[in-house]
Amino acid sequence: MLEYKGALYDTNDRGCKEFLLDICSMANSLGGYIFIGISEQRDGSEGLGAPAGDVPLGITLTNPEQTLTGYETRILDCIDERLDVESHAIPVKNGLFVLAIRVPNSLSKPHRVSYKGNTYFPARRERQRYDLTATEIKDLVMRTASRLEVAESKVQAALRQDLEKYQAPTLVIAAVPLFTRNFAVDFRRRSIIDAVRRFDLTADGRGAKGEPVPSMAGMMRKGPAEAVTTLAHDGLLRLVVPLPQKRFLTEQGTFYPIVIDLYTRGIARGCGDLYGAAGLSAPVLLGVAIRIPSRCQASYGEYDDPISVESLMEVYPTLTLHNLTDNVDAHIRPLCDLVHQSLHQASSPGFNDDGRWIWSPSNRPSPT
């Protein structure tokens with residue numbers, strides 16, 4: 001859903017309320033974008049939902065970031081449950097800007113606006129804004145919970161599928177958009193095939209060549225280290241990769257757990273491009289599973305003694321990524337911490353206390 005505004009919202013009560021209702025109604029529907037600085041094509045008083053081609057782009061702003069911060073503050077103060085929006089100031093020319101605000105198809109709907117002592121539950125039907133009835137609110141809660149349950153079931157099944165058959169330490173990662181459907185991904189489209197081809201199947205971010213191959217399960221692509229990824233018709237993404245091992249003087253193989261973080265991070269960061277090409281968006285459920293069939297060693301540092309790891313099969317709780325562009329590292333850190341805690345570590349070595357990714361080949365052993 002796209003909304004075009006030729007000028008900023010008014011700063012009076014009416015303008016503030018209009019802004020909040022526009023944001024909240026999109027979140028309670030399918031999400032969308034508001035572009036401020038692009039005039040809408042009109043037929044008399046009726047907006048046609050398309051940009052006007054005969055009106056110059058942009059509005060004059062001395063501090064566009066301050067304007068966006070003001071909008072975000074209104075959202076935080078007046079819309080609940082909390083709604084995470086993305087906003088950017090796009091420079092046009094000569095000091096003119098277009099403000100772009102992305103409203104997610106929210107997992108926490110219904111949201112409400114509380115403003116000046118009044119409460120509103122707005123939604124959209126096509127381009128018309130309206131107030132949800134009590135029956136519609138109940139139905140919206142049930143449908144959202146149902147979608148979450150279905151998506152959770154898909155991720156869990158993908159993580160457990162054939163996991164017992166792998167004889168080496170193996171990592172499985174699965175992701176699926178919450179708001180998807182069967183045959184949402186059209187593999188006839190070149191943009192989707194190209195996105196699968198670009199998808200990084202390495203643990204070091206160097207990319208890997210490999211042609212996507214169509215199959216009954218969807219589009220499959222093989223990478224190095226016997227990694228295999230599959231994108232299904234409903235948007236379910238699954239990566240299976242044996243964890244690289246090195247053998248030293250003992251018969252036990254040694255693997256580097258940081259590889260788990262690297263692949264998890266790669267999936268989370270790559271989903272934006274892949275799902276964008278398919279016309280899908282956040283929220284996305286992300287899950288991780290590992291299987292270690294027999295005793296081996298895990299190395300956390302070149303100068304640290306490897307730790308002994310008994311056989312292990314662990315399917316970790318799923319994580320919800322509410323957007324795929326804003327600080328993904330901080331969002332996936334709790335899941336990565338949980339993986340390393342099952343290996344008797346306090347937390348992941350890849351992140352600092354602020355959730356920023358700090359690992360690099362110069363301060364950790366090579367994962368491959």
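Which residues lie nearest the centre of the largest pocket? Ser 29, Leu 30, Gly 31, Asn 105 and Phe 179 do. The views below come from a predicted model.

**View 1. The largest pocket and the residues nearest its centre.** The largest pocket has a volume of about 630 Å³. Its lining comprises 31 residues. Among those nearest the centre are Ser 29, Leu 30 and Gly 31, together with Asn 105 and Phe 179.

**View 2. Secondary-structure elements in the lining of the largest pocket.** At least two lining residues come from each of strand S2 (32-36), strand S8 (96-103), strand S11 and helix H3 (134-160). Helix H3 gives the most, with 6 residues. By class, the lining of the largest pocket consists of 14 nonpolar, 9 polar and 8 charged residues.

**View 3. The salt bridge between Glu 3 and Arg 124.** The side chains of Glu 3 and Arg 124 form a salt bridge with an N to O distance of 2.9 Å. Glu 3 belongs to strand S1 (residues 2-5) and Arg 124 to strand S11 (residues 122-125), so the salt bridge ties together parts that are 121 residues apart in sequence. Glu 3 and Arg 124 are both buried.

**View 4. The salt bridge between Asp 22 and Lys 5.** The closest N and O atoms of this salt bridge are 3.4 Å apart. Because Asp 22 lies in helix H1 (residues 13-27) and Lys 5 in strand S1, the pair ties together parts that are 17 residues apart in sequence. Asp 22 has a relative accessible area of 2% and is therefore buried. Lys 5, with a relative accessible area of 18%, is also buried, as the cut-off for buried is under 20%.

**View 5. The salt bridge between Arg 129 and Asp 22.** Asp 22 also meets the side chain of Arg 129 in a salt bridge, at 2.7 Å from N to O. This pair links distant parts of the chain, with Arg 129 in strand S12 (residues 128-131) and Asp 22 in helix H1, 107 residues apart. Arg 129 has 33% relative accessibility and so counts as partly exposed.

**View 6. The salt-bridge network that includes the pairs of Views 3 to 5.** Glu 3, Lys 5, Glu 18, Asp 22, Arg 124 and Arg 129 are joined into one network by salt bridges that share partners. Asp 22 is one such shared partner, with salt bridges to Lys 5 and to Arg 129. The count of salt bridges in the model comes to 22.

Technical notes
Residues are numbered from 1 along each chain as its sequence is written. This is a predicted model: local features need pLDDT of at least 70, side-chain atom pairs count only at pLDDT 80 or more; totals for chains, interfaces and linings use all residues. Side-chain values use heavy atoms; hydrogens and water are left out. A salt bridge is a side-chain nitrogen of Lys or Arg within 4 Å of a carboxyl oxygen of Asp or Glu. Helices (H or I, at least four residues) and strands (E, at least two) are DSSP runs, numbered from the N terminus. Buried means under 20% relative accessible area, exposed over 50%, partly exposed in between (1.4 Å probe, protein chains only). On a 1 Å grid over the protein atoms alone, a cavity is a set of points where a 1.4 Å probe fits but cannot get out, and a pocket is an open set with protein on both sides within 12 Å along at least five of seven lines; lining residues have an atom within 4 Å of a point. Grid points are joined across faces, edges and corners, and a volume is the space filled by probe spheres set on the points. Ala, Val, Leu, Ile, Met, Phe, Trp, Tyr, Cys and Pro count as nonpolar, Asp, Glu, Lys and Arg as charged, and the others, Gly among them, as polar.
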